Amino acid sequence: MLRNVLVLLLLALATRVESHEESGHWSCETESEIRVEAEFKPGVITLDGHADDWKGIDGSYFPLLPALDPDAENEFKGGKMSVKSLHDGRDIFFLLQVDGHYAYSKGESHKCPSVALMFRIGDVASYHNMGGCEEHSTSCTNKTCKGHEVDIMHFAIGNAIPGRLYGGNPLDNSEGNGGDRFGHLVDLYAWNPHCRYLDGKGPSASVNDSSAQNDWKGAWWHSSFTVHSGFVKDESPYEDNGKKGTYYFEFSRPLRTMDHLQQDVQFTIGGSSKMSVAFWYPVDGQPWHGSGHYSVNCDWVPLDISVGSSLSGKSLDAASNSSWNVASAFSVILSVAALCVSVFVSYRVLHPQSVPFTPMANL
């Protein structure tokens, strides 16, 4: 009896470890022209989970394929995901939009949709195997896996109220980590699927950073909601499950962070980064599992951080010419005014008005 129990435990552990391993040879055929562009649009976005203020922003559309077996026949039935991005010179914003029947179970995140953004940090970090470091969980460190770092933001909405902000908060940030005890919008880094940690934490042999924090903020919404003034926790599940509609996930983060340990990607205006998007959904009401997610591509997707059109070369020339024209016109006006004053003063000096003398006796 004891032997049978041990066999079952070993099988269970083997299954859990293999949940991140692909079956068969890994291959990826990706289109070279796919990319996401973060336009420069200051003062446009309110971070509330609503998509109304994104209507004028172009997006990129991706079929959602299983991450471990990106076969078109297994594409997510809800349709393609739209990924939009912009920046205001300080923060970068993302909107993920995907059709799906409403599914929400309070406190059970695996029965609710979930999303994640992943970005390349290290120069050799691969999309495949979440950074691609070949070390095991007992041997991965910032030295043995140097160059394989990836930055991850994961939002599991099981405890998150629609339209409310989650992510970085004073309580978790004061403890020096990327957690979120309120809505599970967490800031992580990884070297491979077995070596993932909240920012500021790591393997026991590594040095943790007490200054780390969660730099992300975000909110979610579903188009089936009829209330737009806001929800509170007691109104969960906020709508009847099964309603047709669209999910919206909206996020922001500073372009640059105070990260000191290669745990955050750093965005540069005019530069390009590598990103990916993952999506979990309880298909047929069945809870999802960690590696059972869909992805927008089987490799990194370029993310271009655009320079604002007002700062482009032609616009700079136009602005420079405009400034020069204004300055020239102002100089001409001043010169004409100075000339007029000089002529007036010269005339008064050369042609003084004489006042006739009147003796006091004649008064």
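Q: Which side chain does the side chain of S105 join in a polar contact, and where in the chain is S105 found?
A: In this predicted model, a polar contact of 2.7 Å joins the side chains of S105 and E108. S105 itself is found in the loop between strand 5 (91–99) and strand 6 (114–120).

Q: Is S105 buried or exposed?
A: The cut-off to keep in mind is that buried means under 20% relative accessible area. S105 has a relative accessibility of 19%, and therefore counts as buried. Not counting residues up to four places away in sequence, S105 touches K111, C112 and G158.

Q: How should I read a second residue of this kind, N173, and where does it lie?
A: N173 lies in helix 2, which covers residues 170–174. With a relative accessible area of 19%, N173 is buried, and its side chain reaches the backbone nitrogen of N214 at 2.8 Å. Once its neighbours within four places in sequence are left aside, N173 is in contact with G168, A212, Q213 and N214, so that the residue whose backbone nitrogen is reached at 2.8 Å, N214, appears in the contact list as well.

Q: How many salt bridges are there, and which residue does R253 meet in one of them?
A: A salt bridge is counted when a side-chain nitrogen of Lys or Arg comes within 4 Å of a carboxyl oxygen of Asp or Glu. By this rule the count comes to 7 salt bridges, and in one of them the side chains of R253 and D151 meet, with 3.5 Å from N to O. R253 lies in strand 12 (residues 246–254) and D151 in strand 7 (residues 150–156), so the pair ties together parts that are 102 residues apart in sequence.

Q: Are R253 and D151 buried or exposed?
A: R253 is buried, with a relative accessible area of 1%, and D151 is buried too, with a value of 0%.

Q: Which residues does R181 meet in salt bridges?
A: R181 forms a salt bridge with D172, where the closest N and O atoms are 3.1 Å apart, and also one with E175, where the closest N and O atoms are again 3.1 Å apart. Salt bridges that share partners join D172, E175 and R181 into one network. Within that network, R181 counts as partly exposed at 44% relative accessibility, D172 is buried with a relative accessible area of 6%, and E175 counts as exposed at 52%.

Q: What is the volume of the second largest pocket, and which residues are the closest to its centre?
A: Rolling a probe the size of a water molecule over the atoms shows where empty space is left. Here, the second largest pocket has a volume of about 380 Å³, and of the 23 residues that line it, the closest to its centre are G100, H101, Y281, P282 and D284. The lining of this pocket divides into 8 nonpolar, 9 polar and 6 charged residues.

Q: What does the chain come to in helices and strands, and what part of it counts as buried?
A: The secondary structure of the chain comes to 3 helices and 15 strands, and of its 363 residues, 43% count as buried. Among the contacts in the chain with a separation of 6 or more, residues 24 or more positions apart account for 73%.

Notes
Residues numbered from 1 in each chain as written. Predicted model: local features only at pLDDT ≥ 70, side-chain atom pairs only at ≥ 80, totals over all residues. Heavy atoms only, no water. Helix = DSSP H or I, 4+ residues; strand = E, 2+ residues; numbered from the N terminus. Buried < 20%, exposed > 50% of the residue type's maximum accessible area, 1.4 Å probe, protein only. Polar contact = N/O pair within 3.5 Å; in protein donor to acceptor, adjacent residues only side chain to side chain. Contact = heavy atoms within 4.5 Å. 1 Å grid on protein atoms, 1.4 Å probe; cavity = no way out; pocket = protein on both sides within 12 Å on 5 of 7 lines; lining within 4 Å. Points joined across faces, edges and corners; volume = space filled by probe spheres on them. Nonpolar A, V, L, I, M, F, W, Y, C, P; charged D, E, K, R; others polar.
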